[in-house]
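I sat down with this model today to look up its empty spaces and its charged pairs. Here are my notes, in the order I took them.

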Amino acid sequence: MLPTGQETRETSAAYEAGDLVSMSPAIEAQKAIPGGSSAALQLTSVLQTTLDLDKLIEVFSRHIQHLVPHSGLSFENKSLQISVSCGTREKSNRSYQLVVAAQTLGQLVVTRKSRFTDAEGVLLEHLICCLVYPLRNAMMYRSAVMAALKDPLTGINNRTAMNSTLIRETELARRYGAPLSLIALDIDHFKEINDRHGHLAGDYVLKSVAEAISECTRSSDILFRSGGEEFLVLLSNTARQGALMLAERIRRSIESYEYHYGDHAISVTTSLGVACFHTGDNSETLFEKADTALYAAKAAGRNCIKVFD
């Protein structure tokens with residue numbers, strides 16, 4: 001655990017090991033609390049009750065508040081796109097680069113209006129020792145959950161993620177009356193690409209198409225690989241016209257992209273179906289409408305867009 005930032009100080013190996021023997025007198029010395037070992041064990045125990053990152057950070061902040069008063073606490077790992085915080089961020093801070101078993105977990109920042117004392121800094125280092133292993137476990141759990149919801153080939157959301165997200169978004173659209181649209185997309189003659197150029201070339205096309213779609217969408221749009229050569233784009237707060245504009249942008253982007261695998265140039269086009277959420281719809285009916293529109297586009301000659309009306 002390596003403190004960084006404005007109030008940086010050295011730490012010992014005992015701190016990184018989460019040594020409760022060293023931690024106990026640190027708690028007693030700082031707040032005159034008898035039974036520092038009990039306090040340390042209690043904190044360690046309560047942090048092992050959850051694998052949810054947001055809850056873990058909130059629980060840690062709440063349970064150390066009486067030992068080191070603070071206004072806010074945050075944890076970030078940019079490479080894993082993790083950013084968790086609670087409370088309010090203030091000017092004075094203690095920042096810690098968390099490392100356990102040679103693995104960098106991320107940066108923990110504790111803030112408040114007044115400057116932290118040296119004694120509080122030492123105590124924080126000991127307290128954070130109780131956090132690092134539960135934090136690593138929560139991060140591993142999060143990675144496992146995320147992996148279960150991702151398509152391993154393209155890296156985008158898979159059908160499992162699609163099912164749960166469709167249910168959630170259609171319920172929100174129903175509850176608040178917000179527009180919601182769905183684009184279903186299928187790569188034209190994909191079997192011929194596999195047969196002519198091989199399955200590795202087919203994999204390359206799938207990844208390239210996923211990238212092309214991602215470049216066309218907004219951060220609020222959600223992209224899925226629903227199976228085989230089929231993709232879905234869920235558009236929250238987007239009505240018919242906006243969905244059609246995006247569908248056409250995706251169609252043109254994929255058609256104009258130059259696909260080269262080995263010495264072969266591969267021509268790729270897509271058929272797209274658009275459906276909009278209406279009163280009485282649910283996740284299944286919205287999907288069925290987009291799928292029906294997609295098959296209408298394929299029946300119309302492919303490389304075009306059809307809308308379910």
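These entries cover a pocket, a cavity, a surface patch and some salt bridges.

**Entry 1: the pocket.** I kept in mind that this is a predicted model. I began with the largest pocket, which has a volume of about 210 Å³. Which residues line the largest pocket? I listed Leu80, Gln81, Arg142, Ser143, Met146 and Lys150. By character, that lining splits into two nonpolar, two polar and two charged residues.

**Entry 2: the cavity.** Next I looked for enclosed space, and the count came to one cavity of 30 Å³ or more. The largest cavity has a volume of about 30 Å³. I noted its lining as Ala184, Leu185, Ser226, Glu230, Phe231, Leu232, Phe287, Asp291 and Leu294. Strand E6 (180-187), strand E8 (230-236) and helix H10 (283-299) are the elements that give two or more residues to this lining. I sorted the lining of the largest cavity into six nonpolar residues, one polar and two charged.

**Entry 3: the patch.** On the surface I found a nonpolar patch of about 260 Å², made by Leu51, Tyr141 and Val145. I placed Tyr141 in helix H5 (residues 118-148). Is Tyr141 buried, partly exposed or exposed? Tyr141 counts as partly exposed because its relative accessible area is 45%, between the 20% and 50% cut-offs.

**Entry 4: salt bridges.** How many salt bridges does the structure hold? I have 15 in my notes, and I looked up a few of them.

- Glu58 pairs with Arg62, with the closest N and O atoms 3.0 Å apart. Both lie in helix H4 (residues 53-64), four residues apart, which is about one turn of the helix. Glu58 is partly exposed at 32% relative accessibility, and Arg62 is partly exposed at 47%.
- Asp151 and Arg225 meet through their side chains at 3.2 Å, N to O. This pair links distant parts of the chain, 74 residues apart: Asp151 sits in the loop between H5 and helix H6 (159-176), and Arg225 in strand E7 (residues 222-227). I noted both Asp151 and Arg225 as buried.
- Glu169 bridges to Arg168, again with a listed distance of 3.0 Å between the closest N and O atoms. Glu169 is buried because its relative accessibility is 13%, under the 20% cut-off. Arg168, at 44%, is partly exposed.

**Entry 5: a network.** Last, I wrote down Glu248, Arg251, Arg252 and Glu255, which are linked in a network of salt bridges.

Technical notes. Residues are numbered from 1 along each chain as its sequence is written. This is a predicted model: local features need pLDDT of at least 70, side-chain atom pairs count only at pLDDT 80 or more; totals for chains, interfaces and linings use all residues. Side-chain values use heavy atoms; hydrogens and water are left out. On a 1 Å grid over the protein atoms alone, a cavity is a set of points where a 1.4 Å probe fits but cannot get out, and a pocket is an open set with protein on both sides within 12 Å along at least five of seven lines; lining residues have an atom within 4 Å of a point. Grid points are joined across faces, edges and corners, and a volume is the space filled by probe spheres set on the points. Ala, Val, Leu, Ile, Met, Phe, Trp, Tyr, Cys and Pro count as nonpolar, Asp, Glu, Lys and Arg as charged, and the others, Gly among them, as polar. Patches are made of residues with over 30% relative accessible area and no salt bridge: like charges are joined within 9 Å, nonpolar side chains (Val, Leu, Ile, Met, Phe, Trp, Tyr) within 5 Å. Accessible areas come from the Shrake-Rupley method with a 1.4 Å probe; for residues, only the protein chains shown count as cover. A salt bridge is a side-chain nitrogen of Lys or Arg within 4 Å of a carboxyl oxygen of Asp or Glu. Buried means under 20% relative accessible area, exposed over 50%, partly exposed in between (1.4 Å probe, protein chains only).
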